[in-house]
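Biologist: I am new to this one. Could you put it on screen and take my questions in turn?

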Amino acid sequence: MNAITHHRGYSTMYREASLTLGLFFAIESYSGAVPDMDLAQQIRTAQLAESHGFAALYFRDVFLNVPSFGDVGHIHDPWAFMGYVTAHTSRIALATGSIITTLRHPLLVAKAAASIDRLSNQRLVLGIATGDRPAEFPAFGQTLAARGELFREALAVMRQAWAEDFPRIATPRVNLSGADTLPKPTLRNIPVMVTGNSRQSIEWIAEHGDGWLFYPQNLAEQAGTIKRWRSLTPAFKPFAQSLYIDLAEQADAPPAPMHLGFRAGRNFVIQYLHSLKAIGVNHVGLNLKYSRRPAHEVVQELGEFVVPAFPAHAVAGD
């Protein structure tokens, strides 16, 4: 059995033929690009989510405020913020959606990820991506054209740095010999979810990733994507997606489409999540940016009425 299946964060989030739920930071509704990020409130809502059985909290890696993209995520560096959240939670998985490995040195990502995985008692599930904000690449001395190659290099370097003592690594960004990265993950590996296509073929993602973190599509398109994914992953590898929701106060409110999701009452949300589960989605990360209600109130309602149908998986020792 793949050692990743024994990883606490992975086991909390993923199980074949099952679906769990997560929440993206910033866990608040906000207009424009920049959230308030009241840290005390963010932690209270994160702890509420953990107590109600959400499986994961998501951290994003947004380097610069690029106004044309309209969202800077949770503002703080993901590793620093994850360390803060780690100290205020105990069981919920810590997922990245996603670390931009093209603009970070792979040895530094390997060290940061291993550190969080150790400090959190094995709760990190590492989503990685190439990045899609063109203004960031010249700022960091990279080109958009190199994204695919840099992404492949980073994953290979991280895997080797985690698995081996004093590895010899020679790549365009790494020339490592006679030294080592510390700490090492407890399992000598960390579950890695490839985000979107990341400039790779689906065959490459199926071979090298531990799962796939995708985007919302209509049910028929998503079912087709998952069918192809399953054809390439005979051993179970999870399929996860994001989803924006605006939870209406009326439980029976019908759905209305919005950017990357919908507005609806909780009864439709439950129905829709069951439909995603039926086509093979294993995890949904919810984003409340466009909510018209306070996020804490929404998380409370989701926790009471929606999460019980899709709870985090129990892990030995919790």
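**Salt bridges, a helix, a core and a strand**

Biologist: In the salt bridge where the side chains of Glu 153 and Arg 173 meet, what is the N to O distance?
Modeller: This is a predicted model, where local features need pLDDT of at least 70 and side-chain atom pairs count only at pLDDT 80 or more, while totals for chains, interfaces and linings use all residues. Residues are numbered from 1 along each chain as its sequence is written, and side-chain values use heavy atoms, with hydrogens and water left out. A salt bridge is a side-chain nitrogen of Lys or Arg within 4 Å of a carboxyl oxygen of Asp or Glu. For Glu 153 and Arg 173, the N to O value is 2.7 Å.

Biologist: How many residues apart in sequence are the parts that Glu 153 and Arg 173 tie together?
Modeller: Helices (H or I, at least four residues) and strands (E, at least two) are DSSP runs, numbered from the N terminus. Glu 153 lies in helix α6, residues 147–163, and Arg 173 in the loop between β6 (169–170) and β7 (175–176). The pair therefore ties together parts whose separation in sequence is 20 residues.

Biologist: Are Glu 153 and Arg 173 buried or exposed?
Modeller: Relative accessible area decides, with a 1.4 Å probe and protein chains only: under 20% is buried, over 50% exposed, and in between partly exposed. By that scale, both Glu 153 and Arg 173 are buried.

Biologist: How many salt bridges are there by this rule?
Modeller: One of them joins Arg 60 to Asp 71, with the closest N and O atoms 2.8 Å apart. Arg 293 and Glu 301 form another, at 2.9 Å. By this rule the count is 13.

Biologist: Which residues are linked with Arg 293 and Glu 301 in a network of salt bridges?
Modeller: Arg 293 and Glu 301 are both buried. Linked with them in the network are Arg 266 and Glu 297.

Biologist: How far does helix α2 reach from its first C-alpha to its last?
Modeller: Helix α2 covers residues 39–51, which makes 13 residues. The expected span is 1.5 Å times one less than the number of residues. That gives an expected 18 Å, and the helix comes close to it. Its reach is 18 Å.

Biologist: Which residues does Thr 45 touch, leaving out those up to four places away in sequence?
Modeller: Thr 45 is found in helix α2. It counts as buried because its relative accessible area is 1%. Contact means heavy atoms within 4.5 Å. On that test, Thr 45 touches Ile 27, His 296 and Val 299.

Biologist: Which residues touch the most other members of the largest nonpolar core?
Modeller: A nonpolar core is a set of buried Ala, Val, Leu, Ile, Met, Phe, Trp, Tyr and Cys residues joined through side-chain atoms within 4.5 Å. The largest has 75 residues. Touching the most other members are Phe 54, Trp 79 and Leu 126.

Biologist: Which helix gives the largest share of this core?
Modeller: The largest share is seven residues. They come from helix α4, residues 106–119.

Biologist: Why is β1 largely enclosed by the rest of the structure?
Modeller: Thr 20, Gly 22 and Phe 24 point one way from β1, and Leu 21 and Leu 23 the other way. The strand is largely enclosed because its buried residues number five of five.

Biologist: Which strand pairs with β1 over four bridges?
Modeller: Two strands pair if DSSP finds at least two bridges between them. β1 and β2 pair in the parallel sense over three bridges. The four-bridge partner, also parallel, is β13.
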